[in-house]
Amino acid sequence: MRAAGERLRADGAINLSRYNTGGSSGEPLIFYIGKARKSHDVGAKWRVTRWWGVDIGDPEIVVWGSPIELGTQDRVRMVRDTVLRTELLPAFEMSEANLDRFVATIRAKRPTMLFGYPSSLSLIAAHARKKGIRLDAQGIKVVFVTSERLYDEQRATITQVFGARVANGYGARDAGFIAHECPAGGMHVQAEDIIVEIVGPDGAVLPAGQAGEIVVTHTATADFPFIRYRTGDVAVMSDETCSCGRTLPLLKEIQGRTTDFVVAADGTIMHGLALIYTVRDVPGVERFKIIQHSLDHTEVLLVTTPVFNDAGADRIVKDYKARLGASVQVSLTRVDEIPREASGKFRYVVSKVQAGAPHA
Ligand SMILES: [Zn+2]
């Protein structure tokens, strides 16, 4: 897909939106999404939302940090927020003051549902618990989480503090709305739109019960096709039927990629995506990995093409200093290859700083 680029756009396709993603292994990918596909993904989202007894128009608080949501489309967002009764809290900067504000907003707005990264929502929950502020009688029915691996400990914290069940979703803007948890605990593939295959290292399809990489074919992507697209995540397909009675096939044991939080020099905890969005949009960056060695030093490993230039390098350094602190040393290291973690998974951001640690 990266090699074909613009040529993958269908002749006559109009109104496509441009996006970028980290791709399967830290290799940035520019891609386009048409209106048909957007509507299919939104439709899939609202169907699974209804599985949990909530619906369009129910008040919702979204803890998210994508510049697509936060930046240029403010007007669109205002209209959407008014119509859908959605309030957006920026997830990237988890300072004490922001965490206090998030907790206060949840208490004041009394949302029926929360939506966001499991890491951010469990951080808010842990903050409320630490401060002795109760959020379990606010009328929250369900907490939707997505984009990251959901750990058992996060699920337990969120459930306890918000007094609501956690519903895990698996998908991404590139791969689509792939699978979602039902109230009986099954991770149902949205099979009308998306064909999910589990493949081995040689690309051969594996039977149910065997772990392999997830590849997806999205059938609503005639404008810009996603065919057997590698997500980089590992999962096992189940051949069992869910006790809820829905016959959509089940995924189990999704091993998504992990993203660490980073810590700014002033102690603000920040979602790793805040740093990822900048680097992956710089021309000529083929692969990357961000390592926060200490509060004073963050290193970016880069595999680049000849397109990469000083302006791109300056942009990364300037943006990271603005986020992490002007005194922070930001070093860029050009490498030939970026190794995976010992677990075999790829991590875009690794932080060696413990949140709350004093300044070195
Ligand atoms: Zn089910």
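Student: In this predicted model, which residues is Q190 in contact with, once its neighbours within four places in sequence are left aside?

Tutor: Q190 is in contact with A44, R47, V48, W51, F177, I178, A179, H180 and L248, and each of these qualifies because contact means heavy atoms within 4.5 Å. Q190 itself is found in the loop between β10 and β11.

Student: Why is Q190 called buried?

Tutor: The word buried applies under 20% relative accessible area, and Q190 has a relative accessible area of 1%, so Q190 is counted as buried.

Student: How many residues apart in sequence are Q190 and D41, and how far apart are they in space?

Tutor: Q190 and D41 are 149 residues apart in sequence, while their C-alpha atoms are 9.4 Å apart in space.

Student: R47 was among the contacts of Q190; what makes the meeting of R47 and E192 a salt bridge?

Tutor: A salt bridge needs a side-chain nitrogen of Lys or Arg within 4 Å of a carboxyl oxygen of Asp or Glu, and the side chains of R47 and E192 meet at 2.8 Å, N to O, so the pair satisfies the rule. The pair links distant parts of the chain, with R47 in helix α1 (residues 35-51) and E192 in the loop between β10 (187-189) and β11 (194-199), 145 residues apart. R47 has a relative accessible area of 28%, and therefore counts as partly exposed, the term for values between 20% and 50%.

Student: How do you know that E286 forms a salt bridge with R2?

Tutor: The closest N and O atoms of E286 and R2 are 3.8 Å apart, and since the cut-off is 4 Å, this pair is counted as a salt bridge. Here again the pair links distant parts of the chain, with E286 in strand β17 (residues 285-294) and R2 in the segment before β1 (17-21), 284 residues apart. E286 counts as partly exposed at 28% relative accessibility, and R2 counts as partly exposed at 38%.

Student: What about R315 and D281, and what makes their pairing a salt bridge?

Tutor: Their closest N and O atoms are 3.6 Å apart, which is within the 4 Å that the rule allows, so R315 and D281 form a salt bridge. R315 lies in helix α8 (residues 310-324) and D281 in the loop between α7 (273-280) and β17, 34 residues apart, so this pair too links distant parts of the chain. By this rule the count comes to 14 salt bridges.

Student: How many aromatic pairs does a search of the whole structure find?

Tutor: The search finds 8 aromatic pairs. Among them, F288 and Y348 form a pair with 5.5 Å from centre to centre and 25° between the planes.

Student: Why is the pair of F288 and Y348 called stacked?

Tutor: Ring centres must lie within 6.5 Å, and planes under 30 degrees apart count as stacked; the values for F288 and Y348 are 5.5 Å and 25°, so the pair is called stacked.

Student: How do you know whether F288 and Y348 are buried or exposed?

Tutor: F288 has 0% relative accessibility and counts as buried, and Y348, at 8%, counts as buried as well, because the limit for that word is under 20%.

Student: What makes R9 count as lying over the face of Y32?

Tutor: R9 is at 4.5 Å from the ring centre of Y32, and the distance part of the rule asks for CZ of Arg within 6 Å, so the distance condition is met. Y32 also belongs to one aromatic cluster with Y19, F31, F224, F226 and Y229.

Student: Why do β5 and β15 stand at the edges of their sheet?

Tutor: The open sheet has 3 strands in the order β5-β16-β15, with antiparallel pairing. Because β5 (93-94) and β15 (261-263) each have a single partner strand, one side of each is left without a neighbour in the sheet.

Student: How do you know that β5 is paired with strand β16?

Tutor: Pairing requires at least two bridges, and 2 bridges join β5 to β16 (residues 269-271), so the requirement is met. Within this antiparallel arrangement, E93 stands opposite M270 in β16.

Technical notes
Residues numbered from 1 in each chain as written. Predicted model: local features only at pLDDT ≥ 70, side-chain atom pairs only at ≥ 80, totals over all residues. Heavy atoms only, no water. Helix = DSSP H or I, 4+ residues; strand = E, 2+ residues; numbered from the N terminus. Buried < 20%, exposed > 50% of the residue type's maximum accessible area, 1.4 Å probe, protein only. Phe/Tyr/Trp six-rings, centres within 6.5 Å; stacked < 30°, edge-to-face > 60°. Lys NZ or Arg CZ within 6 Å of the ring centre and 35° of its normal.
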